[in-house]
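Colleague: Before I accept any label on this model, I would like to see each one set against its definition. Shall we go through them?

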Amino acid sequence: MLKRIAVLTSGGDCSGMNATVRAVVRSALVSGIEVIGIQKGYQGLMDELYIALNTRSVSGVVQRGGTFLQTARCKEMRTPEGLQRACDNLKKLDVEGLVVIGGDGSLAGAHAIDQKGIPVVGIPASIDNDIPFTSPSLGVDTALNNIIRAVDNLKDTASSHNRAFVVEVMGRNCGYLTVVATIATGAEYSLIPEEPFALEDICADLRRRYHEGRNNSIIMVAEGAGRAEDIAAQIKERIGFETRAIVLGHYQRGGSPTAFDRLLGARFGRAAVDGLVQGRSGTMVGLKGASLIYSKLDKVTSAGIRPINPMFHYLANSLSI
Ligand code: F6P
């Protein structure tokens, strides 16, 4: 039986991380396992920033966005010396397992620690939804809802002024948020790194729309496909339309988690503790359909970006005529 485990949140924060930490802590405590919280992700592991977590430490956090354990991006963890320091500090802490909640870089760190003989289970948490072997990752649903709220508001002002808006969406090299938000907001165009696009075609189509009397157009662009400012300037230059650019930025990452992300966090957190107890180290928990699955971290970290379901491309393009 395990006596003590540790948990950390790493990389970019997302909504639902607190609900997940809560589930890790309480699932462990009911099984008689102590939990150490590592603050500020792998950086905190390097710097030995720890707090003991009890049932009260995770009271009142389920509805809060961000992560109360805090997080960081840690370059040192990518070096052999940093990895060794992380493992040495975990050994000093006398933990028999670690739960890592984070995105692709954080899961690569989790895999490296596990390879050094310290059992780790990962939880996929990133608004980008680029992590393979889970659909979705934690935080995606809340981010999507944030984007939808913002675009709904933009449509009001766009249609009052007969304007086009170019809306830049996060996602690093993955266009998932952009495509799905395009469908959900009824936006007209979705420019993503996975799909080539020609701005002149979009401009010709924009002109057609205005001739048909449409009073607004929303062009969603994934940050990996271009900059909203540049695209807006090019549209203005090519066809003279009054166009505004907006970068949704970190607004997308915050806010109270949706019901979906709270439930996902509860399930992922519980499954991660079960995984450590059952000796499933070196895995990541994930959602496949309605079921939880465990996938090997070596496969997860070597599979590349999770592809977007082609049905979403089709819907985004075909419904925006
Ligand atoms: O990976 C999550 C994410 O929000 C990306 O979508 C974005 O490119 C990046 O993190 C922003 O990173 P930072 O918070 O370090 O500016």
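Colleague: What makes Arg253 a polar contact of the ligand?

Modeller: A polar side-chain atom of Arg253 is 2.8 Å from a ligand oxygen atom, and a polar contact is a pair of N or O atoms within 3.5 Å, so the pair qualifies. The protein buries 75% of the 400 Å² that the ligand exposes taken alone, by the Shrake-Rupley method with a 1.4 Å probe. This is a predicted model, in which local features need pLDDT of at least 70 and side-chain atom pairs pLDDT 80 or more, while totals for chains, interfaces and linings use all residues. Residues are numbered from 1 along each chain, and side-chain values use heavy atoms, without hydrogens and water.

Colleague: Which distances apply to Asp128 and Gly171?

Modeller: A side-chain N or O atom of Asp128 is 2.6 Å from a ligand oxygen. For Gly171, a backbone N or O atom lies 3.1 Å from one.

Colleague: Which residues surround the ligand, and how do they divide?

Modeller: Among them are Arg73, Ile127, Met170, Glu223 and His250. The shell (heavy atoms within 4 Å) has two nonpolar, two polar and five charged residues.

Colleague: Why is the ligand said to lie between domains?

Modeller: Domain 1 (4-139 + 257-302) and domain 2 (144-253) both give residues to its shell, so the ligand lies between them. The bounds come from an automatic or database domain assignment. Their C-alpha centres are 35 Å apart, and 10 residues of domain 1 contact (heavy atoms within 4.5 Å) nine of domain 2.

Key: Polar contact = N/O pair within 3.5 Å; in protein donor to acceptor, adjacent residues only side chain to side chain. Nonpolar A, V, L, I, M, F, W, Y, C, P; charged D, E, K, R; others polar.
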